[in-house]
2 protein chains.
Amino acid sequence: MASDLDETHAFQPRFDRDGLIAAIVTDAGDGTVLMFAYMNAESLRLTQDTGIAHFWSRSRQALWKKGETSGEMLKVIEILTDCDQDVLQVKAQLQGKGAACHTGRRSCFYRRVEGDRLIFLDEDRLFDPGAVYGRGGPAS
Amino acid sequence: MASDLDETHAFQPRFDRDGLIAAIVTDAGDGTVLMFAYMNAESLRLTQDTGIAHFWSRSRQALWKKGETSGEMLKVIEILTDCDQDVLQVKAQLQGKGAACHTGRRSCFYRRVEGDRLIFLDEDRLFDPGAVYGRGGPAS
């Protein structure tokens, strides 16, 4: 029962059928949601052990040390879990140029939904993704 | 290619193999992450049409109007999407007693991970979950 997980002091992360747990990354300073990714058990352990955010890249099917290519690493300040322990919130400090998004923007959440259209809220590129990643593009 | 989705003005939500898209709910006021759930196309449409957050309950396999039982509805102020349009951020105002979590707490993220232990950050119950949901427990 998920309800047993609500009030326990034991951390028992619930990985899904693919062995992954959702991770919401927020800015430890102002709380902005920066990105969303998944961790497997190994990336969670590495994140806890090193204090640098590691994820699992579903597109590459590989361990993903965020910022390894771009330099835009995330220093982990605090990890929270939710009531039924199937989601993590990673409060982090942006390193490098302060861009969590592979597009070079600070946050991946830079567009507002208006019906079936998107309004851009942030056009400020902190790095040039073409120069950083080349044509192949980044992990995700 | 996901990269085509990065700079488009067209909202093209990418539902997963189960027809779901991840939704991070934050407090429209102070940005606190309140909860995390999934929407299918119908719940996203209802959310956009009514301004009240609707989700898909994976445990019940049913449309889930958040707060229908508890009264703790979420009034949607703004919806953002991420770079590759497979995650939504729903900025919302808490209604009712101001508890997004089925445990009666404001946020589902009320515990900090310390190694394999959890430290409670919020013991404040805004409602009594036993009285609201009875034994059956809520949707999730």
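Which residue in strand 6 of chain B does Ala23(B) stand opposite? The partner is Leu88(B). This is a predicted model. Chain B can be laid on chain A with an RMSD of 0.0 Å.

**How the chains relate**
- The fit takes a turn of 180 degrees and a shift of 0.0 Å along the axis. That is the relation of a two-fold axis.
- In chain B, Gly31(B) has the C-alpha nearest the axis, at 3.0 Å.
- The copies meet through the same surface, because 100% of the interface residues of chain B are also interface residues in chain A.

**Strand 1 of chain A**
- This strand covers residues 21-27, and seven of its seven residues are buried, so the rest of the structure largely encloses it.
- Both faces are covered. One side holds Ile21(A), Ala23(A), Val25(A) and Asp27(A). The other holds Ala22(A), Ile24(A) and Thr26(A).
- Strand 1 of chain A pairs antiparallel with strand 2 (residues 33-39) of chain A over six bridges. Here Ala22(A) stands opposite Tyr38(A).
- Five residues lie between these two strands in their hairpin, where Gly31(A) takes a positive phi near 85 degrees.
- Strand 1 of chain A also runs parallel to strand 6 (residues 87-94) of chain A, joined by six bridges. Ala23(A) faces Leu88(A) there.

**Strand 6 of chain B**
- Six bridges pair strand 6 (residues 87-94) of chain B with strand 1 (residues 21-27) of chain B in the parallel sense.
- Strand 5 (residues 74-81) of chain B runs antiparallel to strand 6 of chain B, with seven bridges between them. Val76(B) has Ala92(B) as its bridge partner.
- The hairpin of strands 5 and 6 of chain B has five residues between the strands. In this hairpin, Gln85(B) takes a positive phi near 60 degrees.

Definitions and conventions
Residues are numbered from 1 along each chain as its sequence is written. Chains are lettered from A and ligands numbered from 1 in the order in which they are written. This is a predicted model: local features need pLDDT of at least 70, side-chain atom pairs count only at pLDDT 80 or more; totals for chains, interfaces and linings use all residues. Side-chain values use heavy atoms; hydrogens and water are left out. Two strands pair if DSSP finds at least two bridges between them. Helices (H or I, at least four residues) and strands (E, at least two) are DSSP runs, numbered from the N terminus. Copies are superposed by least squares on the C-alpha atoms of residues with pLDDT of at least 70 in both. Contact means heavy atoms within 4.5 Å. Buried means under 20% relative accessible area, exposed over 50%, partly exposed in between (1.4 Å probe, protein chains only).
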